[in-house]
Structure formats: structure tokens, C-alpha cells
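Welcome! Open the structure beside this page and work through the exercises below at your own pace.

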Amino acid sequence: MMEETYAECVIAARAELRAARQLLSAEISAYPTPISGCDAQFNHLLAERTRVTDALSQLDASIFVPTPRMPTPDSRIESR
């Protein structure tokens, strides 16, 4: 059995999240009208689509990890 690399796992996660977002968007588009503001099922679908979209954004976000040479994102000098 071939082991997956970290990068392959992230690529697979992105693909699955994109597929989930498409399925949620299709379900939202096919939802029967009229939609009232208190329709819990519709609101749940919207919330889930937002969660999936946020997860995709987090996978693409650049994360800053402070180090002694760069304690803040804007510093370019050693902090010693």
C-alpha cells in the first residue's frame, strides 16, 4: 500500500470540500420556494455551505509562525 503525502491529503481535502460546496449549492438552488426567514432546514444548508467555504479558505490561508528571527509578520530583523 502506497502512503499518501501531506500535500496529497490537502489536495484531496480541497477536492472533497469543493464537491461538498457544489452539492450544498445545488440543494440550496433546488430548495422549494417560498422560503421564510425561520426555515431551519434552509438556514442549516446556508450555514453548512459557509462552513465548507470557510474551511477551503483556511486551507489556502497563509499562516504566520513566529520565530526568534522574525517575531512578527512585518519584522525582518532578529529580535535578539
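Some vocabulary to begin with: a residue is buried when its relative accessible area is under 20%, exposed when it is over 50%, and partly exposed in between (1.4 Å probe, protein chains only). The model is predicted, so local features need pLDDT of at least 70 and side-chain atom pairs count only at pLDDT 80 or more, while totals for chains, interfaces and linings use all residues. Residues are numbered from 1 along each chain as its sequence is written, and side-chain values use heavy atoms, with hydrogens and water left out.

**Exercise 1.** Find the salt bridge of Arg51 and state how exposed each partner is.

Solution.
- Step 1: a salt bridge needs a side-chain nitrogen of Lys or Arg within 4 Å of a carboxyl oxygen of Asp or Glu.
- Step 2: Arg51 meets Glu48 this way, at 3.4 Å from N to O.
- Step 3: the two sit 3 residues apart in helix H2, so about one helical turn separates them. Helices here are DSSP runs (H or I, at least four residues), as are strands (E, at least two), numbered from the N terminus.
- Step 4: Glu48 has 22% relative accessibility and is therefore partly exposed, whereas Arg51, at 57%, is exposed.

**Exercise 2.** Which residue pairs with Asp60 in a salt bridge?

Solution.
- Step 1: the count of salt bridges is 2.
- Step 2: Asp60 pairs with Arg14, their closest N and O atoms being 2.8 Å apart.
- Step 3: this pair links distant parts of the chain, with Asp60 in helix H2 and Arg14 in helix H1, 46 residues apart.

**Exercise 3.** Describe the largest nonpolar core.

Solution.
- Step 1: such a core is a set of buried Ala, Val, Leu, Ile, Met, Phe, Trp, Tyr and Cys residues joined through side-chain atoms within 4.5 Å.
- Step 2: the largest one has 8 residues, among them Leu17, Ile28, Tyr31 and Phe42.
- Step 3: helix H1 (6-29) and helix H2 (40-60) each supply at least two of its residues, and the largest share, 4 residues, comes from H2.

**Exercise 4.** How are the rings of Tyr31 and Phe42 arranged?

Solution.
- Step 1: rings of Phe, Tyr and Trp (its six-membered ring) pair if their centres lie within 6.5 Å; planes under 30 degrees apart are stacked, over 60 edge-to-face, and the rest tilted.
- Step 2: the structure holds 1 aromatic pair. Tyr31 and Phe42 form a tilted pair, 5.1 Å centre to centre with 55° between the planes.
- Step 3: Tyr31 lies in the loop between H1 and H2, and Phe42 in helix H2, 11 residues apart.
- Step 4: both Tyr31 and Phe42 are buried.
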